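Visitor: I would like a close look at a single part of this protein, the packing of one pair of helices. Please take it step by step and then place it in its surroundings.

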Amino acid sequence: MSLNRSSLVVPDDIAEDQVYPAVYIGAAITLGCIGFFGFTMNLLVVIVIVKDAQTLWTPVNVILVNLVVGDFLVAALGNPVAMVSAITGGWYWGYKVCLWYAWFMSTLGFASIGNLTVMAVERWLLIAGPMKTLSIRHAVILGFFVWVYALCLSVPPFLGWGSYGPEAGNVSCSVSWEVHDPVTKSGSYIAFLFILGLVIPVLVIATSYVAILLTLKKVSKRAGARGRREGKVTKMVALMITAFMFAWSPYAALALAAQYFDVRPPASVAVLPALLAKSSICYNPIIYAALNSQFPRSLRKIFDIRSSRTILPDSHNTALTVLNRREHGN
């Protein structure tokens, strides 16, 4: 990959648009909070799942770990870079770091929606066709291909198709949504991103959940503990997808409007959708911890927190673990 200055396009209206100092202060505080909570909560989820893999290492959790690791990397490596820029009142790190930061964050963003799409398909296979459910091996392979998919979307600017540059407010860098450059064919690249990085994943997710709802309507009573547990996991994935769309939809709408309708909101306003999008890294661990009944038990076990409830005999715990593994196709 060759890094040349032509890959970094800075629109004149972004360079000239002034941002109020209070906006930079607010952005720095917001990024600091997002980074802190995103770092600690995603790390906690990874630790609990990995430490108690005998219970929690199921196909859906394999993809969840893939998702959470990406969110953790955003919190650990991405947010501090943007926070320093907000503190200093503009991009602090130079052109090459801007280029690599934009690629890094774009890759992780595309991986997030890729992981959520796989999780929706996994739920559909499990609910609508239990005999076709994914195994852990299949989940690992799909998790790998999610990263291949993300790289296919984020690498083209290094090859001369599209470009990376500062976002509105000059706090962070991303795809140059506002640029209309015939040399880099920015318009076709952004259309490529929207179709493969948003429209198709959303259609797959929507189709999966429509199929799930139709199946549950036909089977009004899903008897047994397994049915209740899988129903709760399905709701968890739906909430994660909803939270992701809530966080990213304003940013995507503004990017689309900037490229195809020449919409140019003030930088002080345009920075808000970017901050909301970055907050998406905090939602998944909260949703997972709240809706997964096994998580608090594993958390107490790992940190040796005694529960007031009667502890089940070891033989019963072993039986539950064996049943859980059989149900998830391990």
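Guide: A helix axis here is a line fitted to C-alpha atoms over the stretch in contact, and the angle between two axes is taken between their N-to-C directions, from 0 to 180 degrees. Two packed helices are described by the angle between their axes and the distance between the axes. The model is predicted.

The part in question is the contact of helix 5 with helix 7. Helix 5 covers residues 95-128, and its axis lies 9 Å from that of helix 7, at an angle of about 20°. Angles under 35 degrees count as roughly parallel, so helix 5 and helix 7 are roughly parallel to each other. Their crossing is left-handed.

On the side of helix 5, the contact is made by Phe110, Ile113, Leu116, Thr117, Ala120, Val121, Arg123, Trp124, Ile127 and Ala128. On the side of helix 7, the partners include Leu193, Gly197, Leu198, Pro201, Val204 and Ile205, and further along Ser208, Tyr209, Ala211, Ile212, Thr215 and Leu216. Sorted by class, the contact of helix 5 with helix 7 comprises 17 nonpolar, four polar and one charged residues.

A residue of another helix touches this contact. Thr234 belongs to helix 8, residues 224-260. Apart from neighbours within four places in sequence, Thr234 is in contact with Arg123, Ile127, Tyr209 and Ile212. Arg123 and Ile127 are among the residues of helix 5 that meet helix 7, while Tyr209 and Ile212 are among those of helix 7 that meet helix 5. Thr234 has a relative accessible area of 8%; the limit for buried is under 20%, so Thr234 is buried.

Helix 7 also takes part in an aromatic pair. The structure holds 17 such pairs. A pair of aromatic rings is described by the distance of the centres and the angle of the planes. In one of the pairs, the rings of Phe39 and Phe72 have centres 4.8 Å apart and planes at 40°, so this pair is tilted. Phe39 sits in helix 2 (residues 21-51) and Phe72 in helix 4 (residues 59-88), 33 residues apart, and the pair links distant parts of the chain. Phe39 is partly exposed, at 34% relative accessibility. The pair that involves helix 7 is Trp161 with Tyr189, which is edge-to-face, with 5.4 Å from centre to centre and 65° between the planes. Tyr189 lies in helix 7 (residues 186-218), whereas Trp161 lies in the loop between helix 6 (136-154) and strand 1 (164-166), 28 residues apart. Tyr189 is buried, at a relative accessible area of 1%, while Trp161 counts as partly exposed at 29% relative accessibility. In addition, Trp177, Phe194, Phe244, Trp248 and Tyr251 form one aromatic cluster.

As for the setting, the protein has twelve helices and two strands, in the order α-α-α-α-α-α-β-β-α-α-α-α-α-α from the N terminus. Of its 330 residues, 48% count as buried. Among contacts with a separation of 6 or more, 82% join residues 24 or more positions apart. An example of parts distant in sequence is Ile286 and Met41, which are 245 residues apart in sequence, with their C-alpha atoms 7.5 Å apart in space. Ile286 is in helix 10, residues 283-291, and counts as partly exposed at 46% relative accessibility.

Definitions and conventions
Residues numbered from 1 in each chain as written. Predicted model: local features only at pLDDT ≥ 70, side-chain atom pairs only at ≥ 80, totals over all residues. Heavy atoms only, no water. Phe/Tyr/Trp six-rings, centres within 6.5 Å; stacked < 30°, edge-to-face > 60°. Helix = DSSP H or I, 4+ residues; strand = E, 2+ residues; numbered from the N terminus. Buried < 20%, exposed > 50% of the residue type's maximum accessible area, 1.4 Å probe, protein only. Parallel < 35°, antiparallel > 145°, perpendicular 65-115°, else oblique. Left-handed = near helix turned anticlockwise from the far one by under 90°. Contact = heavy atoms within 4.5 Å. Nonpolar A, V, L, I, M, F, W, Y, C, P; charged D, E, K, R; others polar.
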